[in-house]
Amino acid sequence: MAVEIAPGRPGNLTPEQEEKLRKLWQLVFRVCAVRFDVGEADAPVPAPVPASAPGPTSPAQDKPKKGRLSMFSRRGKKDESEPDLTPAPSGPPPPVVLSQEHEDDKYGQTKHFHDTLATQSPESIRAAIWGMVKHDHPDALLLRFLRARKWDVEKALVMLVSTMNWRAQEMKVDDDIMRGGDEAAAIAEKDASNPAAQRLGHDFLAQARMGKSFIHGADKVGRPICYVRVRLHKQGEQIEESLEKYTVYVIETCRHLLQPPIDTATIVFDMTGFSLANMDYTPVKFMIKCFEANYPESLGAVLVHKAPWVFQGVWRVIKGWLDPVVANKVHFTNNVREMEAFISAKQIPKELDGDEDWEYRFVEPVPGENAAMKDVATRDRLLAAHAALVRDFEAATGRWIAHPGDAEAKARRAALTDSIREAYWTMDPYIRARSLYDRTGVLLPGGKIQFYPAKEQVSEKTVGELTSRVAAVGISDAVTEKVPVQAPEPVKTSPDDLD
């Protein structure tokens, strides 16, 4: 059954929303030093840095330029809180001048925005943005920030840049958490020479092994479901860093299980057996900040299931921390009948009194499952092909900004979006460690999703046999057989085919 595209998404924008998106793209180009000329070329000239390139930029690249902050000096307020978007005829991108100070800044993102521009190179910010896009529609990522900031372009930019700094510099989402995954934690867990890393690896895997939080199945509208078994958490059992890394790891993994037009997930907090010994406000605050500040518009629904009376006081505290928009997505369910309003009974696990005969079981990382990541030559070739597609998309976007009615530019953007998605999934085995969901046949090659694979597909023996077979035949035959060495030509489409 076709899923209806929600408002404010690619393929369902009002003219006013599309104009906001164009303005945000232009500001992103300025921040990332992607020159935008309204002349004969009518296209931006991207900074020469590979998109999604592994690792941080060099210190020389990250060195702030003199007078960098002067680009964002305050000016007099206008009638509308819109930045100056007049493009420069030539030369470097003109500066972005914030038109206002943002008082409703819950997480201090305006300061983070200024700090990021002062300490990070435009190329590193650009790489972080495309690293977060992954297989998503590039417009969809920017639209998340616009919707979260009620279509205020300037606030959306501040939030976007702040998030990129959090991803790349604070959490190192792509360069550490997703690149290392389960396997890096398993290796660190056995290395007694580094007690701090050993503890971190052990605590990370402990949460995965017990199933404190896991993704399973989809709700009635096709959103992936993340279950959190609150009774399994005890304050102090795992160090704070491992709690944060595991939280981000689950969120990022869930993003890989989103298939457009589905762009949100459902979280079920299973409160069965909850007591105050399970209450730990620090990771709760971190989770709230993740969704409100760094993964905007990612929550579809939150179900608090079988909460005991003792949770009432706790909820009053937590609700006070939540943005009203997020708080309105929280629903309390006490039995399977109430949960059925969101999830079909046949897809509710038996441990929650549903009909699905399924139990969580963690499958340990298998030696050789990340062998593709050692093939640096192929990885770099795929990154270069992906970067070429990104540059083409930016060029088409520049033409669309200059000429909103240009049907050819819109069609080219749509075609390049499909090509970027395919290119991401081709290079995915080379830049992301395999997860539980890869090993159990939920996340398949090419980004295909199978939420309910047959039981025989998920046995540990089967996973081990398949991985050993891949290792035996070699990287070049098993993984890179159909790898393109250059960016494919975009497919011609009509304006009616645009998404």
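## Strands S4 and S5

S4 and S5 pair in the parallel sense, over five bridges. This is a predicted model. Arginine 229 has aspartate 270 in S5 as its bridge partner. Between the two strands the chain passes through helix H9, residues 240-256, and this β-α-β crossover is right-handed.

Strand S4 covers residues 224-229, and six of its six residues are buried, so the rest of the structure largely encloses it. In a regular strand, side chains alternate between the two faces of the sheet. In S4, Pro224, Cys226 and Val228 point one way. Ile225, Tyr227 and Arg229 point the other way. All of these residues are buried.

## The S3-S4 hairpin

On its other pairing, S4 meets strand S3, residues 213-218. Here the sense is antiparallel, and four bridges hold the pairing. Serine 213 has valine 228 in S4 as its bridge partner.

S3 and S4 form a hairpin with five residues between them. Glycine 222 sits in the turn and has a positive phi of about 90°.

## From S5 to S6 and S7

Strand S5 spans residues 265-270 and runs parallel to S6, with six bridges joining the two. The chain gets from S5 to S6 by way of helix H10, residues 281-294, in a right-handed β-α-β crossover. Phenylalanine 269 stands opposite valine 304 in S6.

S6 itself runs from 299 to 305 and is mostly covered: six of its seven residues are buried. S6 also runs parallel to strand S7, residues 330-333, and four bridges join them. Histidine 305 has threonine 333 in S7 as its bridge partner.

## The largest cavity

How many cavities of 30 Å³ or more does a search of the whole structure find? There are 10. The largest has a volume of about 860 Å³. It is lined by 42 residues, and Val228, Ile267, Phe269, Val284 and Met287 are the closest to its centre.

Two of these residues also appear in the strand pairings. Val228 is the bridge partner of serine 213, and Phe269 stands opposite valine 304. The elements that give two or more residues to the lining are S4, H9, S5, H10, S6 and helix H11 (311-321). H9 supplies the largest share, seven residues.

## The second largest pocket

The second largest pocket has a volume of about 600 Å³. Its lining counts 27 residues. Ala148, Arg149, Met159, Glu292 and Asp323 lie nearest the centre.

Several helices supply at least two lining residues each: helix H3 (109-119), helix H5 (138-148), H6, H10 and helix H12 (324-327). H10 is thus named here and also in the lining of the largest cavity.

## The nonpolar core

The largest nonpolar core has 115 residues. Trp25, Val28, Val248, Tyr295 and Ile343 have the most contacts inside it. Helix H6, residues 153-171, gives the most to this core, with 10 residues.

What does tyrosine 295 touch, not counting residues up to four places away in sequence? The partners are Met132, Trp166, Arg167, Val173, Val248, Ile251, Glu252, Arg255 and Cys290. Val248 is also listed among the residues with the most contacts inside the core.

## Arginine 144

Arginine 144 lies in helix H5. Is arginine 144 buried or exposed? It is buried, because its relative accessible area is 7%, and the cut-off for buried is under 20%.

Leaving aside neighbours within four places in sequence, arginine 144 is in contact with Asp136, Leu258, Asp263, Pro296, Glu297 and Ser298. Serine 298 is 154 residues away in sequence, yet the C-alpha atoms of the two residues are 8.1 Å apart.

## Valine 442

Valine 442 belongs to the loop between helix H16 (436-439) and helix H17 (460-473). Valine 442 is buried, with a relative accessible area of 10%.

Beyond its neighbours within four places in sequence, valine 442 is in contact with Leu257, Tyr437, Lys448, Ile449, Gln450, Phe451 and Pro453. Isoleucine 215 lies 227 residues from valine 442 along the chain. Their C-alpha atoms are separated by 9.9 Å.

Definitions and conventions
Residues numbered from 1 in each chain as written. Predicted model: local features only at pLDDT ≥ 70, side-chain atom pairs only at ≥ 80, totals over all residues. Heavy atoms only, no water. Buried < 20%, exposed > 50% of the residue type's maximum accessible area, 1.4 Å probe, protein only. Pairing = 2+ DSSP bridges. Right-handed = clockwise from strand over helix to strand, strands pointing away. Contact = heavy atoms within 4.5 Å. Core = buried A, V, L, I, M, F, W, Y, C linked by side-chain atoms within 4.5 Å. 1 Å grid on protein atoms, 1.4 Å probe; cavity = no way out; pocket = protein on both sides within 12 Å on 5 of 7 lines; lining within 4 Å. Points joined across faces, edges and corners; volume = space filled by probe spheres on them.
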